[in-house]
Amino acid sequence: MSVLEISGLHVVYPPDVPVVRGLDLAVEGGEVVGVVGESGSGKSALALAVLGLLPAGARARGSVRLRGAELLGRSDAELARVRGRDLAMVFQDPLSALTPVHPVGDQIAETIQIHAGATRRAARARAVELLDLVGIPDAARRARAHPHEFSGGMRQRVMIAMAIANDPVAIVADEPTTALDVTVQAQILDVLRVARDATGAAIVLITHDLGVVADLADRVVVMYAGREVESGPVGDVYRRPRMPYTIGLLRSLPRLDAPRERGARPAPIGGAPPPAGGPPTPCPFRPRCPIGGPECDRAAPAAVLVGAGHRAACVRTAATLDAGRVFPAVPAPPPPRRPPRAERPAVLRISGLARHFPPRGAFARRAAGAVRAVDGVSLEVRAGETLGLVGESGCGKTTLLMEILRLERPQRGRIAVFGRDVAALSPKVRKALRRDLQVVFQDPATSLDPRMRVRDILTQPLRTHRVARAAVPRRVAELLGLVGLEQAHADRYPAALSAGQRQRVAIARALALEPRLLLLDEPVASLDVSVQAQIMDLLEDLRAGLGLAYVFVAHDLAVVRRVADRVAVMYAGRIVEIGAADAVYESPAHPYTRALLDAVPAPDPAGRRGRRTLLADPPDPSSPPAGCPFRPRCPRYAALAAPALLPAAGDELGARGGAVARARCERAVPELAAPDPAVDRSAACHHPPGPP
Amino acid sequence: MTRPPGNRRAVAGAVLLAALFAVAFLGPLAAPWRWDQTDFTAFRAPPSAGHWFGTTQSGRDLFALTLRGMRKSLLIGLLVAVLSTGVAAAVGMTAGVLGGWVDRLLMFGVDLLLVLPSFLAVAVLSPALGGGTGVVLVIAAFLWMITARMVRAMTLSLKERDYVRAARFLGVGPVRVIVRHILPHLASLLVVDAALNVSLAIITEAGLAYLGFGAQPPDASLGTLIADARGAAPAYPWLFASAAGPLVLIVLAVNLLGDGLRDALDPSVPRCAGRAPRRGPRDGVPQALCAVRAPAARAPGKREDAA
């Protein structure tokens, strides 16, 4: 029996933009239905329509029934009685969803008082119970804390506690983990599972992340241009997708579990998702579809049953039986021919680099309380190789990049670019060096001046470095071709380009001066999955064609796995593990690397692993714990307390050995060990695992 | 929407302002009397074919006098606006880009000028500096501080934008960064500020003249005309209306223009639904895409694909 039934839902944004065009969805109690789609697919409009929170002027038509009662068309006052009681929500950004001026316990209690009519005392007691249920330690005390005193993950737990406070029938979670780090995301997914089990509510999980859906959902609905294009049990859809869009999406997703194929890669979905409310076409995916035929242009494809409960809206389901043939693998550029690593010159060498920020607004600029954004980093990038730099937000990845880019004397340590120490550069040499060292930022919407045309954006670096005026137009044309843009794009403003095209412009600008080292700061994080794959392919092609070296910063380990030759894992301003990508990913030596890899939800429902979730949150960078900064979250450190788990498990001896071992973690910050001669990998841990 | 869209208001203001300019500067060609002539046959005469706005107590033609006042007011308004906004932009951007002790020194100066009771200072200083240019300088000197602070704050935030950083990392020098990447983004603020300063300057000048600190007889300004008509307004309304009307019109036109420009140039307001497509950044954006962006931005707690 479905508790939440959506049928024939249409949502139109003003002035006349259809964003959801006829959606049917039924969710049973205790079931988690994942709704996935790229930006503009209408998934958020769906959530808002269900909750009755559509922006002013937007119209919804069709039917949304909660336990048989129609929700559409009811007044806000009537809906307010349903929302928060039978129908609960979890938003993406818990900081703006919680009131900053009240303790979180009171906010949860308030919903209980309003909807259940409980007394204040009972409601507060229940609020503490709920906070405990969602895994907030010391709940009774933390209930009196204000939202800003919680970390992002803890705030999201509070939101979930509030959502389940009145035993809802259905919960709508709109991108509940998108703003969170991967380790915290894993925790929140567990909490959502707990919430479902505790309330038996139906959960509609809206996300762009196929991994999250595979991890949590029972059924999945894939949305494209406001329509459902495929739906079914998660296992079926992921294993045997039948709609070309789903197939392309799943195949272009970078994966942790699949080692990099040499010499071939799946063809990415071309083009970009259509803007919301584009002109109605029979099949919205037709322009990007590799197997589309004349029959696709006739009428909107009806959903056909292709398996038990598995529907695909495609007229050519016969052609999609073998998913591999829809998006066949295309030859990847051969790995660049290059001498062995030891013989290549170092393009970037960093040793003992530190960057501390003084505490905000502090009168005395004492060292105590300074934010240690980068705290003793040493690494080396050789010509023609890609170093992936991964870590949670706030670990100092971006600060490290900015320190390199400044090309000035660092607070501590040394940076040498192409063999020249940056501390001793004259302004002229520094400017000349910038030709060889370029950067691509995360969000092309902010890294391109909105008031400059693409042509001007690409001309600027050339003119700055005195390229002859006559040579500029040819170079601009060349650059556009290099990154796969058309010449006509030169006259556009960035706002008139899609996100993927904008990122191509940003890459073209970085390449304008033919650099040898490119620093990429999360270059694909702000892009849709299908566009992400295109940009990754472009970066691979450029590296092969131009012999570039990359420093590739990303929080997404799967993305890094795909591009990197070597990987450095950062934690609290330090590198805790560095080495060849294959070695680090396949047998990580540091417990943090292990935890990061475990936390990434694989886009494969069969592979829901028994994950070891990290317990606490990332440390406060202004007051890291003494000794190893990872200690409070470290499963290995925790295991040292239990002597039975130690390899040398003599009782008395083990206990003492454990205490001694723990004392090392508590006293000294571990340094990177000398690299293992057999595998190119070293970790900064007092207790690395023994040889396998 | 109850107010007409920004660009329509701006156009209305601009048209009105242009008309007032035309009247003030071309009017004397058509007027039968010059402002410094006296008609001894008509004292306090009501409007007529000979004296379109009537005459004053001493027989001077009010139409000519009003035009004289308007010219003065318009010129003072424009000069003050350009001067004060220019100073504000220069000081604010210098402080924002250079930072450090330059920033502290300039902001100290700004704060010092802000705490001075500006109208009193202007009133005391303007006669000492003489007529026309003196008044312009003194009024401008007390109008730029708050804008300078705004410019500085915006410069500070613009300086941290990725595209400014990208330009710096490309090796673009600071002057070029200011001209190419910072000034264009301050342009809307500065244009609006200048427009609003015009009306402030006109009112200040009129106020000074009313109190006797501005134009001295026989010269006339809108302020002195209003002051002269003060006592006689109920009995001889044209004396008052002929000076106060243009003042109201000028200020209204300038405010419309400034207000409209603010809305029209504000990049945070999507320029799609219902508005004529404007120059620049949005060229070629499908209307639909544009329209969706606004509601989506208001959706609660939404941050697509955060890092």
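**Close-up views of chains A and B**

**View 1. Salt bridges between domain 2 and domain 3 of chain A.** Between domain 2 of chain A and domain 3 of chain A the count is 2 salt bridges, a salt bridge being a side-chain nitrogen of Lys or Arg within 4 Å of a carboxyl oxygen of Asp or Glu. A:Glu392 forms a salt bridge with A:Arg633, with 3.0 Å between the closest N and O atoms. This is a predicted model, in which local features need pLDDT of at least 70 and side-chain atom pairs count only at pLDDT 80 or more, while totals for chains, interfaces and linings use all residues. Residues are numbered from 1 along each chain as its sequence is written, chains are lettered from A in the order in which they are written, and side-chain values use heavy atoms, without hydrogens and water.

**View 2. Domains of chain A and their contact.** Chain A is divided into domain 1 (2-217), domain 2 (341-581) and domain 3 (596-683), with bounds from an automatic or database domain assignment. The contact (heavy atoms within 4.5 Å) takes 17 residues from domain 2 of chain A and 19 residues from domain 3 of chain A.

**View 3. Buried and exposed residues of helix H3 of chain B.** The buried residues of H3(B), a DSSP run of H or I with at least four residues, numbered from the N terminus, are B:Val102, B:Asp103, B:Met107 and B:Val110, where buried means under 20% relative accessible area and exposed over 50% (1.4 Å probe, protein chains only). The buried residues of H3(B) pack against helix H2 (62-98) and helix H6 (145-159) of chain B, whereas the face turned away from the buried side carries the exposed residues B:Trp101, B:Arg104, B:Leu105, B:Phe108 and B:Val115.

Conventions
Helix = DSSP H or I, 4+ residues; strand = E, 2+ residues; numbered from the N terminus.
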